[in-house]
Protein chains: 2
Amino acid sequence: MSKPGQHVISRLRQMILSGELESGQRLAEIPTAEQLGVSRTPVRIAFRTLEQEGLLTKLSGRGYMVRQVTQAEISGSIEVRGVLEGLAARQAAENTLSKAQTNELRELLKQGDDLFAKGSINEQDLAIYHDMNQRFHQIIIEASLNPAIAEALSRNEHLPFASVSALAFDRNNLVQEYRRFNFAHMQHHAVFDAIHNGQGSRAEAIMREHANATHGYAKIFSQMEKNGEKMHVLNNINSII
Amino acid sequence: MSKPGQHVISRLRQMILSGELESGQRLAEIPTAEQLGVSRTPVRIAFRTLEQEGLLTKLSGRGYMVRQVTQAEISGSIEVRGVLEGLAARQAAENTLSKAQTNELRELLKQGDDLFAKGSINEQDLAIYHDMNQRFHQIIIEASLNPAIAEALSRNEHLPFASVSALAFDRNNLVQEYRRFNFAHMQHHAVFDAIHNGQGSRAEAIMREHANATHGYAKIFSQMEKNGEKMHVLNNINSII
DNA sequence: TATGCATAAATTGGATCCAATATTTATATT
DNA sequence: AATATAAATATTGGATCCAATTTATGCATA
């Protein structure tokens, strides 16, 4: 049996993000504790932590609920991420990248070039690009030397406003996804160039536009919502990020 | 005796923000529980909550510590608040203010005009302006209709990057504070005008500049730090906000 | 005197019991 | 049948005990 403790939080978080616990589903301490094979104490702490992370909503007197997010909230979150990552790009440009950061960013861009050179992508390519994209953004946030950015971002990291990056939600349309991600990749090039040349304002502007591309996915969710389809939002979102 | 429960969190938070618990001070569950007259359980939950709020730092195996913030973190936080409040101003302009919001903002600006018309301010004026300023910013954040902004801001609300607003830290120099706050007040006018005229980009730019004015206070803290003075940062910051 | 090891102390983590509160259900009354 | 009231249920909140882990201390040894 896996170690208990802090792991209850991770386990519940993973269950929410994977969609195993559906958006809107109610959770009470006792049944959850029994299900996980632990006592109420760690579950209580986990619920409060996940509530603060924005993954659970408290229902006074009736337990907790897996948070439901509306399309408006998704769009708003995309905007927030845009300005925060834009600030990161600006400050990274002002601070100058370290040699190691420059090298790793160049390597990531190179790998992306190879990926898109074929003129088409498959699901595996998307998975690869997903990881590369995450790393790309992470480096820039680190290079900003502003821990407050990561702190502000962490509140919403499970939400869908992420930069255009990874596994397409609608994987059936790989032609469209190729265009989408190839364009995002070109934006990465532009962001890097601006940062590398110390053009803070330019880097910020491109990064904000880059983040806005994610609105396309928000629209897909919106459409699903209208069609009455179940919106495993947190799940899908997380795949996209 | 006051009701226990959720109040342990509020009490500890207030003790930290007021400076009663000094920055860097260690806190353990048992002594804290005894001091507050409760059991360990609510204290445990409170510690984790306050850690997530950024008020406590966990020391593995040695309890918790009231968070210490460096001057660099303060400056970084000011920048973060700048872009978030800038976004709020932009979106408020795009959404159009409600009649009630327009009226209240106008009333606040009018009261500010009266306050600064005298050509000087005293401590009481600063306290009044503090409340007015908070309300001014709150309305704009609400008018953005973007809850993600408030959510991202909440993570840092106890930190010092706030908009130039309120009780001067260095209250002895009231002439300088008059200039500082009068200028901030004029920026409020400009932000309102831009929002009212639907000029989103302009509103955002002014708001960002407005937030940057707070850097002046960060420098004061920096100076104190160099002089080896104790930096009750959270306390002072909170008074300034 | 410095260092490594063993022991003691401090501290958090988990489980369980009891208390308080809010919600739901059932019942009686009009 | 609708409503108010009361009982029952569900659920969280707090206290306390025990376990596990980490840190601090002291002692022996080189």
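**Exercise 1. Locate Asp125(B), state whether Asp125(B) is buried or exposed, and list what Asp125(B) touches.**

Step 1. Asp125(B) belongs to helix α6 of chain B, which covers residues 123-143. Helices are DSSP runs of H or I with at least four residues, strands are DSSP runs of E with at least two, and both are numbered from the N terminus.

Step 2. The relative accessible area of Asp125(B) is 7%, so Asp125(B) is buried. Buried means under 20% relative accessible area, exposed means over 50%, and partly exposed lies in between, with a 1.4 Å probe and protein chains only.

Step 3. With residues up to four places away in sequence not counted, Asp125(B) touches Leu115(B), Lys118(B) and Ser120(B). Contact means heavy atoms within 4.5 Å.

Conventions. This is a predicted model, in which local features need pLDDT of at least 70 and side-chain atom pairs count only at pLDDT 80 or more, while totals for chains, interfaces and linings use all residues. Residues are numbered from 1 along each chain as its sequence is written, chains are lettered from A and ligands numbered from 1 in the order in which they are written, and side-chain values use heavy atoms, with hydrogens and water left out.

**Exercise 2. Place Ser10(A) in its helix and give its exposure.**

Step 1. Helix α1 of chain A, residues 7-17, contains Ser10(A).

Step 2. A relative accessible area of 36% makes Ser10(A) partly exposed.

Step 3. Ser10(A) and Leu50(A) are 40 residues apart along the chain, and their C-alpha atoms are separated by 9.5 Å.

**Exercise 3. Compare the span of α5(A) with the expected one, then describe its buried and exposed residues.**

Step 1. Helix α5 of chain A runs over residues 99-117. Its 19 residues should span 27 Å at 1.5 Å a residue, and the end C-alpha atoms are 27 Å apart, which agrees. The expected span is 1.5 Å times one less than the number of residues.

Step 2. The buried residues of α5(A) include Gln101(A), Thr102(A), Leu105(A), Leu108(A) and Leu109(A). Gly112(A), Leu115(A) and Phe116(A) are buried too.

Step 3. Viewed down the axis of α5(A), the buried residues fall within an arc of 150°, so they line one face of the helix. The arc is that of the directions from the helix axis to the C-beta atoms.

Step 4. The buried residues of α5(A) pack against α6 (123-143) and α8 (174-196) of chain A. On the face turned away from the buried side are the exposed residues Lys99(A), Ala100(A) and Ala117(A).

Step 5. Just after α5(A), Gly119(A) has a positive phi of about 90°.

**Exercise 4. Work out the strand order in chain A and find the edges of the sheet.**

Step 1. The open sheet of chain A has three strands in the order β1-β3-β2, with antiparallel pairing. Two strands pair if DSSP finds at least two bridges between them.

Step 2. β1 (26-27) and β2 (56-58) of chain A each have a single partner strand and stand at the edges, so one side of each is left without a neighbour in the sheet.

Step 3. Two bridges join β1(A) and β3(A), residues 64-66, in the antiparallel sense. Leu27(A) stands opposite Tyr64(A) in β3(A).

Step 4. Helix α3 of chain A, residues 40-53, lies across β1, β2 and β3 of chain A and runs at about 105° to β2(A). Axes are lines fitted to C-alpha atoms, for helices over the stretch in contact, and angles run from 0 to 180 degrees between N-to-C directions.

**Exercise 5. Describe the pairing of β2(B) and the span of α9(B).**

Step 1. β2(B) and β3(B), residues 64-66, run antiparallel and are joined by three bridges. The bridge partner of Leu56(B) in β3(B) is Val66(B).

Step 2. Helix α9 of chain B, residues 200-212, has 13 residues and reaches 19 Å from its first C-alpha to its last, close to the 18 Å expected at 1.5 Å a residue.

Step 3. Among the buried residues of α9(B) are Ala203(B), Ile206(B), Met207(B) and His210(B).

**Exercise 6. Derive the relation between chain A and chain B.**

Step 1. A turn of 180° and a shift of 0.0 Å along the axis lay chain A on chain B with an RMSD of 0.1 Å. Copies are superposed by least squares on the C-alpha atoms of residues with pLDDT of at least 70 in both.

Step 2. The two copies are therefore related as by a two-fold rotation axis. In chain A, the C-alpha nearest the axis is that of Ala152(A), 2.6 Å from it.

Step 3. Of the interface residues of chain A, 100% are also interface residues in chain B, so the copies meet through the same surface.
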